[in-house]
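Work through the exercises below with the sequence and the 3D structure open beside you. Try each task on your own before you read its solution.

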Amino acid sequence: MSGHSENAEQYWKANLRLIYGSLIIWALVSYGFGILLRPMLSGIAVGGTDLGFWFAQQGSILTFIVLIFFYAWRMNKLDEKFGVGEE
Amino acid sequence: MSQFAINLIFVGGSFLLYIGIAIWARAGSTSDFYVAGGGIHPITNGMAIGADWMSAASFISMAGLIAAGGYANSTFLMGWTGGYVLLAMLLAPYLRKFGKFTVPEFIGDRFYSNKARLVAVICLIVASLTYVIGQMAGAGVAFSRFLEVDSTTGLMIAAVVIFSYSVMGGMKGITYTQVAQYCVLIMAYTIPAVFISLELTGNPIPALGLFSTHIDSGLPILTKLNQVITDLGFNEYTANVDNKLNMVLFTLTLMIGTAGLPHVIIRFFTVPKVADARWSAGWALVFIALLYLTAPAVASMARLNLMTTIYPDGTAAAPIEYDNRPQWVKAWEVTGLITYEDKNQDGRIQLYNDTPAFEETAQSRGWNGNEMEVNRDILVLANPEIANLPGWVIGLIAAGGLAAALSTAAGLLLAISSAVSHDLIKGSINPGITDKGELLAARISMAVAIVVATYLGANPPGFAAQVVALAFGIAAASLFPALMMGIFSKRVNNKGAIAGMLAGLAFTLTYIFVYKGWLFIPGTNNLADIPANWVFGISPLSIGAIGAVVNFTVAFGLSHATEEPPIEIQELVESVRYPRGAGEAQGH
């Protein structure tokens with residue numbers, strides 16, 4: 001297996017970078033906006049309550065979906081670029 | 001036609017459909033039984049994962065808990081969806097590349113140790129069995145209502161139905177029946193929600209209705225709800241939470257647990273390619289989100305409807321008379337899940353929050369304590385009845401609730417049975433076992449699991465969604481760290497992984513049992529399960545995240561103190577990181 005080649009190493013690093021970036025957003029919308037930062041967002045009204053409530057009950061879920069599809073799309077590009085994809 | 005007959009038609013009809021599909025796709029070889037030949041499209045697989053995932057906890061129980069807790073219970077919504085991000089990025093593609101049947105098999109190979117595999121089997125069984133208890137509790141509630149029997153009889157019926165259903169089909173049967181079950185459950189959940197949202201807000205999309213204006217009062221619906229319930233001594237629905245540490249840890253536990261639950265991970269072995277494993281996670285979350293975006297709307301609207309049913313002339317006026325109670329209250333009284341006691345002897349139903357802070361108001365109104373207890377697990381099922389929706393909607397929600405419980409229980413039983421027959425018996429006790437013997441062992445272990453779950457489900461350690469949350473804590477503390485370290489670290493060795501899993505599992509179980517009773521047997525807990533007793537305010541439901549930290553710490557510490565894993569294992573880790581060369585899932 002070409003596991004130790006430089007190419008493979010760069011692919012893995014690019015993957016890790018993508019994961020870090022995605023997980024920062026993942027944590028920000030749920031633990032951040034949805035829970036810990038809710039008081040900061042309390043000034044922004046959304047239908048009878050505030051933005052933090054919306055992130056906790058709906059916004060974070062919508063963000064998660066976008067994150068996964070973005071990750072899948074980017075990774076498939078990386079698979080191609082580094083030539084480590086299937087077939 | 002009576003409501004009972006309509007329920008029977010809907011429930012019976014949907015069952016015939018699933019059983020028909022299961023027979024049509026009856027498993028032949030062992031490979032079919034476990035992973036359905038490995039050729040399932042990401043969208044189909046996503047839908048099946050959705051059904052597998054959304055259990056009695058999501059369907060029956062979750063909205064009821066959100067209705068009762070308001071913002072504080074948003075944790076369930078974020079926790080049970082956010083885990084898919086972890087799955088898609090940290091586990092699914094690599095485990096698919098590795099290409100084995102079961103989770104313990106990966107752990108056994110990666111940590112080059114049969115002992116590690118056995119420890120993984122134990123973790124898997126404990127987590128899955130706890131999860132099944134929650135399903136049994138939920139299915140029991142549903143059966144008891146729709147067959148109009150008490151809740152224990154309902155539980156027994158649920159056990160028989162789930163067992164006979166699970167032993168019939170393997171994964172293939174389950175994959176296609178689960179697609180059917182997804183369709184039934186999502187319709188059952190959203191149709192009543194659409195009706196209710198239209199009625200209350202005029203908006204046909206419940207997720208948007210939640211933030212719209214309440215037609216009767218002209219106020220935003222959440223503002224109206226806050227008013228109504230604070231008048232009755234409850235906290236505001238949208239109130240912020242003081243104990244943020246517990247809220248964060250609980251959400252984290254549910255997320256990590258999602259990614260560590262074997263019956264979900266096993267789904268990613270059934271897609272043809274690594275790239276498809278990533279897409280599958282995304283599609284699964286889309287299908288799950290259809291329910292999860294609706295659930296908070298169901299929760300708030302059902303709570304408002306419940307209150308306006310009891311207080312038809314507003315919270316300042318007298319509540320309804322007990323003799324004039326609606327039909328649904330009578331129906332649920334039969335199950336014992338709604339109880340009424342006329343404490344002030346005025347023949348009316350005083351439903352309020354009798355805390356010391358509200359006592360003065362209550363006394364001035366001649367109230368002598370809260371008179372009606374409504375079990376939170378009934379809220380979703382009773383929702384269409386509370387809103388006076390037509391009989392067929394009530395029948396539909398019965399079929400949907402049972403679909404949710406049935407599909408997840410079947411997936412869990414499959415994970416348990418494959419761990420016992422494939423990992424335990426074939427992997428170590430009797431490697432020479434025939435295919436036929438393996439299938440028989442799989443079915444016997446399903447039977448044992450269901451008997452245990454039924455016994456414990458009769459006195460569950462919480463509402464369905466809470467029991468399920470405990471299972472997530474166990475999976476979070478034991479399996480997830482081992483899987484993640486197996487992929488992302490080449491340094492963690494067999495000793496570290498085994499000690500880590502055992503430490504995480506023991507730590508988490510001990511903390512749970514101290515508050516919930518040893519082995520969940522009622523009355524054997526050492527401390528009452530109340531916030532004042534929790535260490536640092538961390539509830540037993542939230543401890544899994546700490547257990548995961550314990551697991552990681554022990555595993556890294558011990559691995560660095562001992563030798564590196566052999567070179568071929570380091571190469572194995574290297575190879576799972578690159579999609580090229582992934583074949584079909586293999587037994588050995």
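The radius of gyration used here is taken over C-alpha atoms, and the globule rule that goes with it is 2.2 Å times the number of residues to the power 0.38. Residues are numbered from 1 along each chain as its sequence is written, while chains are lettered from A and ligands numbered from 1 in the order in which they are written. The model is predicted, and local features need pLDDT of at least 70, side-chain atom pairs count only at pLDDT 80 or more, and totals for chains, interfaces and linings use all residues.

**Exercise 1. Compare each chain with the globule rule.**

Step 1. For chain A, the rule gives a radius of gyration near 12 Å for a compact globule of 87 residues, but the chain has 18 Å. Its C-alpha atoms fill a box of roughly 55 × 20 × 15 Å along the principal axes.

Step 2. For chain B, a compact globule of 588 residues would have a radius near 25 Å, and the 24 Å of the chain agrees with this. The box filled by the C-alpha atoms of chain B is roughly 75 × 50 × 40 Å, again taken along the principal axes.

Step 3. Now turn to burial, where a residue is buried if 20 or more other C-beta atoms lie within 10 Å of its own, exposed if 12 or fewer, and partly exposed in between, with C-beta atoms placed from the backbone. In chain A, 38% of the 87 residues count as buried, and in chain B buried residues make up 60% of the 588.

**Exercise 2. List the elements of both chains, then describe where chain A meets chain B.**

Step 1. Helices (H or I, at least four residues) and strands (E, at least two) are DSSP runs, numbered from the N terminus. Chain A has 2 helices and 2 strands, which follow the order α-β-β-α from the N terminus on, whereas chain B has 23 helices and 2 strands.

Step 2. Two residues are in contact if their C-beta atoms, placed from the backbone, lie within 7 Å. By this rule, 38 residues of chain A are in contact with 44 residues of chain B. The elements giving two or more residues to that side of chain A are α1 (6–36) and α2 (51–81), and α2(A) gives the most, with 16 residues.

Step 3. For the classes, Ala, Val, Leu, Ile, Met, Phe, Trp, Tyr, Cys and Pro count as nonpolar, Asp, Glu, Lys and Arg as charged, and the others, Gly among them, as polar. The side of chain A that touches chain B then has 23 nonpolar, 12 polar and 3 charged residues.

**Exercise 3. Decide how two pairs of helices are oriented.**

Step 1. Axes are lines fitted to C-alpha atoms, for helices over the stretch in contact, and angles run from 0 to 180 degrees between N-to-C directions. Angles under 35 degrees count as roughly parallel, over 145 as roughly antiparallel, 65 to 115 as roughly perpendicular and the rest as oblique.

Step 2. α2(A) packs with helix α5 (residues 74–98) of chain B at an angle of about 5°, their axes being 9 Å apart, and these two helices are therefore roughly parallel. Among the residues that make the contact are A:F64 and A:Y71 of α2(A), together with B:M78 and B:V85 of α5(B). The residues of this contact divide into 13 nonpolar, 5 polar and no charged.

Step 3. Within chain B, the axes of helix α17 (residues 379–386) and α18(B) come within 9 Å and cross at roughly 170°, which makes the pair roughly antiparallel. The contact is made by B:L381, B:P384 and B:E385 of α17(B) and by B:V393, B:I394, B:I397 and B:G401 of α18(B).

**Exercise 4. Place B:A405 and B:F287 in their surroundings.**

Step 1. B:A405 is found in helix α18 (residues 391–429) of chain B, and B:A405 is buried because 32 other C-beta atoms lie within 10 Å. B:A405 and B:F59 are 346 residues apart in sequence, yet their C-alpha atoms are 8.3 Å apart in space.

Step 2. B:F287 lies in helix α14 (residues 274–310) of chain B, and B:F287 counts as buried because it has 21 C-beta neighbours inside 10 Å. Leaving out residues up to four places away in sequence, B:F287 touches B:G46, B:M47, B:G50 and B:Y182.
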